[in-house]
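Okay, can everyone see the screen? I'll walk you through one strand and what sits around it, and then we can talk.

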Amino acid sequence: MELQGIKNRFGIIGLGRFGSTIARKLSERGAEVMAFDKLDENINSLRDDVAHTACLDSTDIRALKEQNITDLDAVVVAIGENFEALLLTTVYLLELGVKRVIARASTPQQKMVLEKIGVKEILSPEDEVGISVAGRLINPDLVSYFQLPDDYQIVELKVPPRVANKTVSEIDLRNTYHLNLITLRRAFEVKGSDGQNKDEYHILGVPKSDTMLYDKDYLLLLGKSIDVERFKEVNR
């Protein structure tokens, strides 16, 4: 089933436990997943779980081009044991102009190197992060994401445009969308050490019915994934 209004074609390069977790969770949520690894055994373990698999050496830029990698909405480089291969693969993806490049970093030093070459999204290798990453890839508007049993989730997302400048009671999240608002994170303007004004975010506590929602606010919501999706789509 395709998620309406959401781009959902993703590539995963490196199919160890971390990469496989992301690939499976994305596929379970309706995404079209292309999974790549240089080892046949890793490819075979995912062949029935994702839309497309290919055995390739991702440090060969020609091999990446042959897979039309630039047509994907995002590519996760999840190579674990060979940082040189991860780094070269990431450089090639950036050079090819892939829309979103997300790379794995196993140490602070690796994270620093990836930041230096211009990677904006860097991940840690825990399985739980892999599950969360899948949620964030499907929903780029999500700031944080935590999956609960029975398809419930806790998500933090920016206030959608059609919800801005309305009160909590006007939106009526519980009755209209079957969602519970846990709290809000709001921007307050403060003066920085350089004398310039900047936004500093703080939790508001439990929102009241007359609490106004602003476009810079972030909502922390509890509900089923289908209801979170509907809330976002209706109020874009």
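So, isoleucine 13: its bridge partner in strand E4 is valine 77. That pairing belongs to a set of 4 bridges that join E1 to E4, residues 74–77, and the two strands run parallel.

Before I go on: this is a predicted model. The mean pLDDT of the chain is 85, with 87% of the residues at 70 or more. Where it drops is residues 1–6, which come in below 50, although that stretch still has 14 contacts in the model beyond near neighbours in sequence.

Back to E1. It also pairs with strand E2, residues 32–37, again in the parallel sense, over 5 bridges. If you want a spot to look at, arginine 9 stands opposite glutamate 32 in E2. And what do E1, E2 and helix H1 make together? A right-handed β-α-β unit, with H1 covering residues 17–28.

Now, is E1 enclosed or open? It's largely enclosed by the rest of the structure, because 4 of its 5 residues are buried. Take isoleucine 12, which is in E1, residues 9–13. It has 0% relative accessibility, and with the cut-off for buried at under 20%, isoleucine 12 therefore counts as buried.

Who does isoleucine 12 touch? Setting aside anything within four places in sequence, the contacts include Gly19, Ile22, Ala23 and Leu26, then Val33 through to Phe36, and Val76. Methionine 34 is on that list too; its C-alpha is 6.3 Å from that of isoleucine 12, with the two positions 22 residues apart along the chain.

Here's a general point to keep in mind: along a regular strand, side chains alternate between the two faces of the sheet.

With that, on to the cores. The largest nonpolar core has 23 residues, and Ile13, Phe36, Leu64, Ile69, Val75 and Leu93 have the most contacts inside it. E2, H3 (61–66), E4, H4 (83–96) and E5 (101–104) each supply at least two of its residues, and H4 gives the most, with 4. Apart from that core lies another one, of 18 residues, among them Ile12, Ile22, Ala35 and Leu123. So we find Ile13 in the largest core, and Ile12 in the other.

Last one: leucine 93. Beyond its neighbours within four places in sequence, leucine 93 contacts Ile13, Leu64, Ile69, Val75, Val77, Val98 and Val101. Notice that Val77 is there, the bridge partner of isoleucine 13 we began with.

Okay, that's me done. Questions?

Key
Residues are numbered from 1 along each chain as its sequence is written. This is a predicted model: local features need pLDDT of at least 70, side-chain atom pairs count only at pLDDT 80 or more; totals for chains, interfaces and linings use all residues. Side-chain values use heavy atoms; hydrogens and water are left out. Buried means under 20% relative accessible area, exposed over 50%, partly exposed in between (1.4 Å probe, protein chains only). Contact means heavy atoms within 4.5 Å. Two strands pair if DSSP finds at least two bridges between them. A crossover is right-handed if, with the strands pointing away from the viewer, the path from the first strand over the helix to the second runs clockwise. pLDDT is the predictor's confidence in each residue, from 0 to 100. A nonpolar core is a set of buried Ala, Val, Leu, Ile, Met, Phe, Trp, Tyr and Cys residues joined through side-chain atoms within 4.5 Å.
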